[in-house]
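Dear colleague,

Please find below the structure that I am handing over to you. My notes on what was found in it follow directly after.

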Amino acid sequence: MSKPIVLIAEELSPATIAALGPDFDVVHVDGTDREALRTALATADAILIRSATQLDAEAIAWGSGLKVIARAGVGLDNVDIKAATQAGVMVVNAPTSNIISAAELTVAHILGLARHLPRAHASLSSGEWKRSSFTGIELYEKTVGIIGLGRIGALIAERLRGFGVELIAYDPYVTAARAQQLGVQLVSLDELVERVDFLTIHMPRTPETLGMIGRAQFAAMKPTAFVVNVARGGLIDEEALAEALAAGEIAGAALDVFVQEPPADTALTGLDRVNVTPHLGASTAEAQEKAGVAVAKSVRLALAGDLVPDAVNVAGGAIDSYVRPGLPLTEKLGQVFAGLAAGPITSLDIEVRGDLTEHNIEALRLAALKGVFSQMVSHPVSYVNAPLLAEQRGIEVSFTTEAVSESYRNVITLRGVLADGTPVSVAGTLTGPKQIEKIVGLNGYEVELPIPEHLIVFSYEDRPGIVSTYSTILGEAGVNIAGLQVSRDSEHRTALSVLSIDAPVPESLIDQLRVSIDASTLRAITVPEI
């Protein structure tokens with residue numbers, strides 16, 4: 001078998017290639033060359049990018065076999081996550097790779113503002129010696145306000161404590177206990193902007209955070225205050241910042257990120273009181289290597305069919321070794337469930353009982369949905385887009401767990417209701433040292449049989465001669481019955497037969513069986529090997 005193809009669309013470290021290992025064919029392509037990218041994506045299983053390659057909906061559609069997009073960095077502005085999710089493509093990044101580098105650059109910018117370092121350097125480089133023009137301030141006993149006390153904000157607080165500053169922060173999602181642990185006082189945004197000597201922002205860019213530092217905030221700040229943005233362009237209103245500097249409302253700013261990169265004009269980059277860098281937050285050798293190695297490991301996991309902790313468009317996380325054998329079982333149960341369903345599904349409950357519930361089993365929910373929809377839609381289904389498919393079809397999905405399992409160590413059951421009110425269910429387990437996948441329940445009937453590739457399931461009024469009738473019909477048609485199990489409901493005088501057969505049967509034969517035994521339900525199901 002040929003190896004999966006991994007595209008490297010931008011320059012990445014040798015350690016990244018080494019982390020992929022020998023199990024893949026690595027192909028290099030210039031991600032900025034759209035035609036070359038189109039050709040390469042046609043056969044790719046995964047692609048590793050940085051910030052230059054644009055993986056929009058068009059490019060994602062070129063990769064019909066694409067399973068994972070890996071961004072060696074934090075931002076995903078150049079990836080259409082919605083299009084990737086709809087296509088079933090996992091998107092991963094390296095969210096912690098640059099946090100130290102970004103924190104250190106923030107501290108560097110704060111120090112640069114305090115001591116006028118860029119302007120002093122430029123003056124001396126031009127032959128001037130103007131010591132008195134660049135009198136700065138000490139950080140000691142100044143107030144630094146951190147907006148966003150996440151991983152980077154916490155690192156900045158940790159590093160600035162050594163300068164003897166007063167640390168305050170605004171973050172509605174951080175507890176007072178966590179802030180106290182970091183040596184930071186939590187305050188409101190209004191109080192923060194009024195008190196700070198230095199303000200640094202570390203928030204994600206969302207509709208709610210765009211422009212969150214604007215005219216009102218600048219007007220409330222001290223005229224001696226400085227602002228720093230090493231996070232995302234647009235968190236600080238650039239037009240309002242230029243106006244505040246011109247009006248003397250604040251003393252200066254340091255920017256590593258901009259709304260448009262490179263900036264379209266010099267409204268900010270040309271000002272003496274603004275220190276600027278060209279988006280260098282992650283531009284250290286260490287951060288680049290950590291990012292590349294992290295996403296290479298994620299690609300290995302994704303192409304092995306695992307969930308990836310750093311996937312941004314799929315829930316789940318690392319899969320415990322005890323849970324892993326349950327994934328193919330659950331996916332096959334989903335396929336059987338879809339095969340039993342004779343119409344649209346309105347609700348689906350995935351129930352897990354037994355020892356499995358002691359672990360993170362979110363992956364089992366995804367596996368069930370993947371199995372169900374792989375039988376219902378023509379395009380590829382993955383852990384990524386299976387929940388979206390359920391949502392788009394208005395299927396109410398629930399996931400329940402129970403530590404006690406009476407008959408087996410673990411049982412996974414899928415129960416649902418069709419649009420006409422018909423209930424459908426299938427249950428399965430793993431048995432013995434070899435962890436044999438078995439069906440142990442079908443539509444309320446107890447059975448126990450290994451999951452075959454082809455099976456016929458039918459229910460009927462319990463009466464003599466039924467087994468011989470369908471055995472004769474199949475035998476005369478040349479269909480071999482590899483296994484047979486009958487389960488009875490004595491109270492309602494009904495029975496269910498499950499047949500394992502060696503090959504799929506034509507629809508005409510299914511119709512003949514249905515009529516011959518007067519079956520109330522009869523479904524032929526194929527369960528592909530996973």
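Helices (H or I, at least four residues) and strands (E, at least two) are DSSP runs, numbered from the N terminus. The model is a predicted one, in which local features need pLDDT of at least 70 and side-chain atom pairs count only at pLDDT 80 or more, while totals for chains, interfaces and linings use all residues. Residues are numbered from 1 along each chain as its sequence is written, and side-chain values use heavy atoms, with hydrogens and water left out.

I begin with helix α12. G305, just after α12, takes a positive phi of about 85°. The helix covers residues 285–303, and its 19 residues should span 27 Å at 1.5 Å a residue (the expected span being 1.5 Å times one less than the number of residues); the end C-alpha atoms are 27 Å apart, which agrees. Its buried residues (under 20% relative accessible area with a 1.4 Å probe, protein chains only; exposed is over 50%, partly exposed in between) include A287, A291, V295 and V299. They pack against β1, α1, β3, β4, β5 and α5, contact being heavy atoms within 4.5 Å.

Next, the sheet. Seven strands form an open sheet with parallel pairing, in the order β8-β7-β6-β9-β10-β11-β12; two strands pair if DSSP finds at least two bridges between them. β8 and β12 stand at the edges with a single partner strand each, so one side of each lacks a neighbour in the sheet. Strands β10 and β11 are joined by 4 bridges, and N229 stands opposite L255 in β11. Helix α11 (residues 238–247) packs on the sheet and touches β10, β11 and β12, its direction making about 150° with that of β11 (axes are lines fitted to C-alpha atoms, for helices over the stretch in contact, with angles from 0 to 180 degrees between N-to-C directions).

The largest nonpolar core (buried Ala, Val, Leu, Ile, Met, Phe, Trp, Tyr and Cys residues joined through side-chain atoms within 4.5 Å) has 73 residues, of which M90, L414, V426, I439 and L442 touch the most other members. Helix α14 (residues 362–374) gives the most to this core, with 8 residues. A second, separate core of 30 residues includes L189 and M221.

Finally, some backbone details. A cis peptide bond joins E261 and P262, with omega about -5°; P262 is found in the loop between β11 and β12. D518, in the loop between α17 and β22, has a positive phi near 55° and counts as exposed at 57% relative accessibility.

With kind regards
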